[in-house]
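Morning, everyone. Have a look at the model on the screen and I'll walk you through a few spots in it.

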Amino acid sequence: MKTLLALVFIGLIFTADASAATAAGDNRAAAAPTFLLDGSKLKLGSTSVLVLDATVGNPIYSKAADTVTPIASVTKLMTAMVVLDAAQPMDETVTVDIADLDLLRGSHSRLRLGSELSRREMLRLALMASENRAASSLSRHYPGGAPAFVAAMNKKAAALGMVHTHFSDATGLSSENVSTANEVALMVKASAAYPMIRDATTTSSHYVEVQPTGTMLGFNNTNSLVRGGEWDIQVSKTGFIREAGKCLVMLATIASRPIVIVLLDSVGKLTRVGDANRVKYWLETGEAMPVLKAVKSAIKPKRLSKAAAPKLARAGALSRAKLAPA
């Protein structure tokens with residue numbers, strides 16, 4: 001009997017030790033970096049970059065992430081949070097006024113003077129289509145008007161720990177709206193807590209009936225990765241003014257982890273999207289994305305006669321004119 005009791009006691013000790021070891025192992029696994037990747041394989045064209053594991057808050061890759069730079073329409077994530085924090089009626093009508101015209105840069109808007117939409121629809125268009133007049137009208141219809149709205153933006157930024165961030169307007173058209181990649185990541189994470197921001201920024205396209213005319217207008221998301229549908233994106237925002245370059249920020253699930261990607265000051269139309277795809281490929285494979293090379297045709301072109309050449313040249317010019325973007 002004594003022998004049996006001794007064996008049971010020893011077994012309990014081993015079980016407790018094994019459980020403790022397993023728990024310790026789990027804690028070590030949780031504390032360990034999620035990704036162990038070679039950052040030298042990631043070649044990005046954006047000037048300021050941050051790739052962040054949103055679960056543990058660990059930066060996976062950074063490049064000039066503390067550099068203060070204009071952030072253009074990425075600003076509208078803060079605009080949306082301030083609107084939603086105010087808890088104003090989302091069905092209340094908001095009107096585009098002359099004060100919402102962009103006299104700084106002359107940017108285009110399909111919302112004409114006098115256009116009326118609900119606060120909900122204005123917020124959706126400001127986020128998904130980066131509608132500047134929508135964002136401006138939201139700030140004017142805030143208690144205390146646009147000055148009070150901008151003050152609330154800066155107060156919210158300070159509360160989030162964005163100590164190098166400053167806002168001068170609700171649209172991002174001002175180059176005085178500045179932040180860093182590290183601090184923009186804080187804003188992206190905070191905005192993910194708002195269901196309406198998550199929904200609006202990941203909507204591919206949306207139609208609104210603009211009053212008082214009843215005109216139906218369709219709007220598309222400014223992020224082609226949202227429209228493509230191949231990414232699992234929870235929050236998205238683009239931005240562009242000359243001083244900020246092309247910007248793209250996202251919270252997306254990659255390799256089964258929530259990842260914040262901040263790409264600021266990209267040059268060229270395709271760089272920010274290309275950088276985002278390179279980040280995704282690197283996180284999933286640990287390798288640099290292969291560069292696609294043009295394949296030369298094996299068939300030699302026939303020599304054109306002198307009479308046919310001018311006709312083909314004119315046809316080519318006509319095709320190019322039809323394909324040129326408006």
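Let me start with a quick one for the room: is E243 buried, exposed or partly exposed? It's partly exposed, with a relative accessible area of 29%. For that label, the value has to fall between the 20% limit for buried and the 50% limit for exposed. Before I go on, keep in mind that this is a predicted model.

So, the overall picture. We've got a chain of 326 residues, and 43% of them count as buried. It has ten helices and eleven strands. If you take contacts between residues at least 6 apart in sequence, 62% of those join residues at least 24 apart.

Now, salt bridges. There are twelve of them in the structure, and I'll show you three.

Number one on my list is R257 with D53, where the closest N and O atoms sit 3.4 Å apart. This pair ties together distant parts of the chain: R257 is in strand 11, residues 257–266, while D53 is in strand 1, residues 48–53, and 204 residues separate the two. As for how covered they are, D53 is buried at 1% relative accessibility, whereas R257 is partly exposed at 24%.

Next, back to E243. Its side chain meets that of R242 in a salt bridge, 3.4 Å from N to O. R242 counts as exposed, because its relative accessibility is 67%.

Then there's D275 with R278, with the closest N and O atoms 2.9 Å apart. Both residues lie in helix 9, residues 271–285, three places apart, or about one turn of the helix. That spacing makes sense if you remember your helix geometry: there are 3.6 residues a turn in an α-helix, so residues three or four places apart point the same way. D275 is buried, at 0% relative accessible area, and R278 is partly exposed, at 28%. And one more on this theme: salt bridges with shared partners join R105, R242 and E243 into one network.

Okay, pockets. The largest pocket has a volume of about 780 Å³. What lines the largest pocket? There are 24 residues, and A129, S130, T222, T238 and R272 are the ones nearest its centre. By class, that lining breaks down into twelve polar, six charged and six nonpolar residues. Several elements each chip in at least two lining residues, among them strand 8 (215–220), helix 8 (224–228) and strand 10 (245–254). Helix 9, the home of our D275 and R278 pair, is also one of those contributors. The largest share is from strand 9, with three residues.

Last stop, the inside. Generally speaking, in soluble globular proteins nonpolar side chains tend to be buried together. Here the largest nonpolar core has 60 residues, and M78, L111, M187 and V262 have the most contacts inside it. Take M187: leaving out residues up to four places away in sequence, it touches I71, V74, L77, M78, M81, L160, M162 and F167. There's also a second, separate core of 22 residues, including L42, L248, A252 and W282.

And where does M187 sit? It's one of the buried residues of helix 6. That helix, residues 181–191, is mostly covered, with eight of its eleven residues buried. Alongside M187, the buried set includes V184, A185 and V188, and E183 is in there as well.

That's my tour. Questions?

Conventions. Residues numbered from 1 in each chain as written. Predicted model: local features only at pLDDT ≥ 70, side-chain atom pairs only at ≥ 80, totals over all residues. Heavy atoms only, no water. Salt bridge = Lys/Arg side-chain N within 4 Å of Asp/Glu carboxyl O. Helix = DSSP H or I, 4+ residues; strand = E, 2+ residues; numbered from the N terminus. Buried < 20%, exposed > 50% of the residue type's maximum accessible area, 1.4 Å probe, protein only. 1 Å grid on protein atoms, 1.4 Å probe; cavity = no way out; pocket = protein on both sides within 12 Å on 5 of 7 lines; lining within 4 Å. Points joined across faces, edges and corners; volume = space filled by probe spheres on them. Nonpolar A, V, L, I, M, F, W, Y, C, P; charged D, E, K, R; others polar. Core = buried A, V, L, I, M, F, W, Y, C linked by side-chain atoms within 4.5 Å. Contact = heavy atoms within 4.5 Å.
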